[in-house]
Amino acid sequence: PISAISSWYEYSRSNGIRFNTNYPNFLAGAITDDDNLAHCAPVRAFFNANDGDESGDYTPFWVERDYVKDVGNVSTSVFAVHGLQDDNVKTDDFGKWWDQLSARDVPRKIWLTGTGHVEAFDFRRAEWVSTIHRWFDYWLQGYPNGIMDEPMADVEIGPDVWDTYADWPVPRTEDVNVWLRRGEAAGTLALTPAPGKPLTRSFTDNPNQGENSAMSNPESPSGSKLAFLSQPLEQDLRISGAPVITVRATSSLDTAYLGAILVDYGTKTRISRSGNGIRTEDVEDCWGASSASDDACYLQVTKRLQTSSQWRVARGILDGQNRNSFAAAEPLVPGEEYDFTFRLYPNDYEFSAGSRIGVILVGSYPSFSVPLETEPTITVDLKQTRIVLPVVGGHRAAMDSGGF
């Protein structure tokens, strides 16, 4: 599967919050032949009546369209390919599927590219043609070419720079607790919780605050977010996998959205999210023989690069009413403390020496999901709030980075 959907719930929403409206109806209409649109209208009406947009919950409609729960039925090999900057089929769609394949030791291989929603033929053409032929030579023909003796994971660690690993997340990755602490203009990040009594900070949900606004000016006072920054890193620090955040907080209303953004504040040239990170050139190359009905020549592509001083590394969001179950909402009691724990989308990313790691807490996340209609004030207990980062090298690497 290339940038494939393993759960239609995960594609359409996250943790009780929807990304779109009546999406199954839209997609069905988009792929149906015009002559059959009227004939299939009752099916699309069924989709609208049962997609659960009103709650965003994980209903039986979505259970039926979730392949991860059936991963125990997989009896073949799997070669997964996904873009780490895919904001269409987001990285949880490969991540949760891959986790379950790994837990069952399914014969598998993975390529993770720094681009977005892109075919492997368009981000690593020659290597893809060779590898996919060898993969099927072995798995369909039984040809002993040694492909399963090679490293399982290929990861693009920089523009057109690939490295191989025995597995993914890469070996030596360990979960590291990073605690959110008070600070001056912005909060800080530490490897131990703050001593003393609980300390709280508050912000109010802003349904109009976009992602760039939330990430920008982290050291400026804001009533609609909380920002926490590491010290400038003394050496590179890499994460591989899915961060998980726990926010201990209260809401002024019976509901609240909790969003989190992991940010790299460091000037760097990266693969751009614009155009999914690729640019189509004017020159063709050919793969195989062409015929009157089949042109074997394709336009070449190159990586689209961008230099910037801040970059979203991972993000996630939770409906506070779905804190215990994505299948059933439980209203909050205003003023009562809860632990809101949710997973951010997985990534494989290296923070360079000199950059700062940022964690931004928000309520609604309008550039990512449908915002909350109300605007609760959220009060966070910093002593009990932490993000778990999957750090390559574990706690020692985090300490040696000098950032905490």
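## Ground rules

Helices (H or I, at least four residues) and strands (E, at least two) are DSSP runs, numbered from the N terminus. With that in hand, Arg270 can be placed in strand β14, which covers residues 268-271. We will come back to this arginine below.

Please keep in mind that this is a predicted model, in which local features need pLDDT of at least 70 and side-chain atom pairs count only at pLDDT 80 or more, while totals for chains, interfaces and linings use all residues. Residues are numbered from 1 along each chain as its sequence is written, and side-chain values use heavy atoms, with hydrogens and water left out.

## Around Arg270

How buried or exposed is Arg270? Its relative accessible area is 6%, so Arg270 is buried (buried means under 20% relative accessible area, exposed over 50%, and partly exposed in between, with a 1.4 Å probe and protein chains only).

The side chain of Arg270 takes part in polar contacts (pairs of N or O atoms within 3.5 Å; within protein, one must be able to donate a hydrogen and the other to accept it, and residues adjacent in sequence count only if both atoms are side-chain atoms). One such contact, of 3.2 Å, is with the side chain of Asp264, and another, of 2.9 Å, is with the side chain of Tyr349. Setting aside neighbours within four places in sequence, the residues in contact with Arg270 include Arg304, Leu305, Gln306, Ser308 and Trp311 (contact means heavy atoms within 4.5 Å).

## Aromatic pairs

A search of the whole structure turns up 24 aromatic pairs. Rings of Phe, Tyr and Trp (its six-membered ring) pair if their centres lie within 6.5 Å; planes under 30 degrees apart count as stacked, over 60 as edge-to-face and the rest as tilted. Tyr11 and Tyr23 have ring centres 5.3 Å apart and planes at 50 degrees, so this pair is tilted. Tyr11 belongs to helix α1 (residues 8-12) and Tyr23 to helix α2 (residues 23-31), so the pair ties together parts 12 residues apart in sequence. Tyr11 and Tyr23 are both buried.

Tyr349, already met as a partner of Arg270, forms an edge-to-face pair with Phe351, at 5.1 Å centre to centre and 70 degrees between the planes. Both Tyr349 and Phe351 are buried. Elsewhere, one aromatic cluster is made up of Phe79, Trp111, Phe123, Trp128, Trp135, Tyr138, Trp139 and Trp162.

## Salt bridges

The structure holds 27 salt bridges, where a side-chain nitrogen of Lys or Arg must be within 4 Å of a carboxyl oxygen of Asp or Glu. In the one between Arg13 and Asp53, the closest N and O atoms are 2.8 Å apart. This pair links distant parts of the chain, 40 residues apart: Arg13 is in strand β1 (residues 13-14) and Asp53 in the loop between α3 (41-50) and α4 (60-63). Arg13 and Asp53 are both buried.

What separation in sequence does the salt bridge of Arg315 and Asp87 span? Arg315 is in strand β18 (residues 311-319) and Asp87 in the loop between β3 (78-83) and α5 (92-103), so the pair ties together parts 228 residues apart. Their N to O distance is 3.6 Å. Arg315 is buried at 7% relative accessible area, whereas Asp87 is partly exposed at 33%.

Asp105 and Arg108 form another salt bridge, with N and O atoms 3.4 Å apart at the closest. Here Asp105 is exposed at 59% and Arg108 is buried at 7%. There is also a network of salt bridges linking Glu10, Asp92, Lys96, Asp99 and Arg343.

## Strand β23 and its partners

Strand β23 (residues 386-392) is mostly covered, with 6 of its 7 residues buried. Strands pair if DSSP finds at least two bridges between them. Strand β7 (residues 173-181) pairs with β23 in the antiparallel sense over 7 bridges, and Val176 has Leu389 in β23 as its bridge partner. Strand β12 (residues 244-251) also runs antiparallel to β23, joined by 3 bridges; here Ile245 stands opposite Ile387.

## The disulfide

How many disulfides does a search of the whole structure find? It finds 1, joining Cys286 to Cys297 with an S to S distance of 1.9 Å (the cut-off for a pair of cysteine sulfur atoms is within 2.5 Å). The torsion about the S-S bond of Cys286 and Cys297 is about 100 degrees, so the disulfide is right-handed.

Cys286 lies in strand β15 (residues 278-286) and Cys297 in strand β16 (residues 297-303), so the pair ties together parts 11 residues apart in sequence. Cys286 is partly exposed at 46% relative accessible area, while Cys297 counts as buried at 17%.
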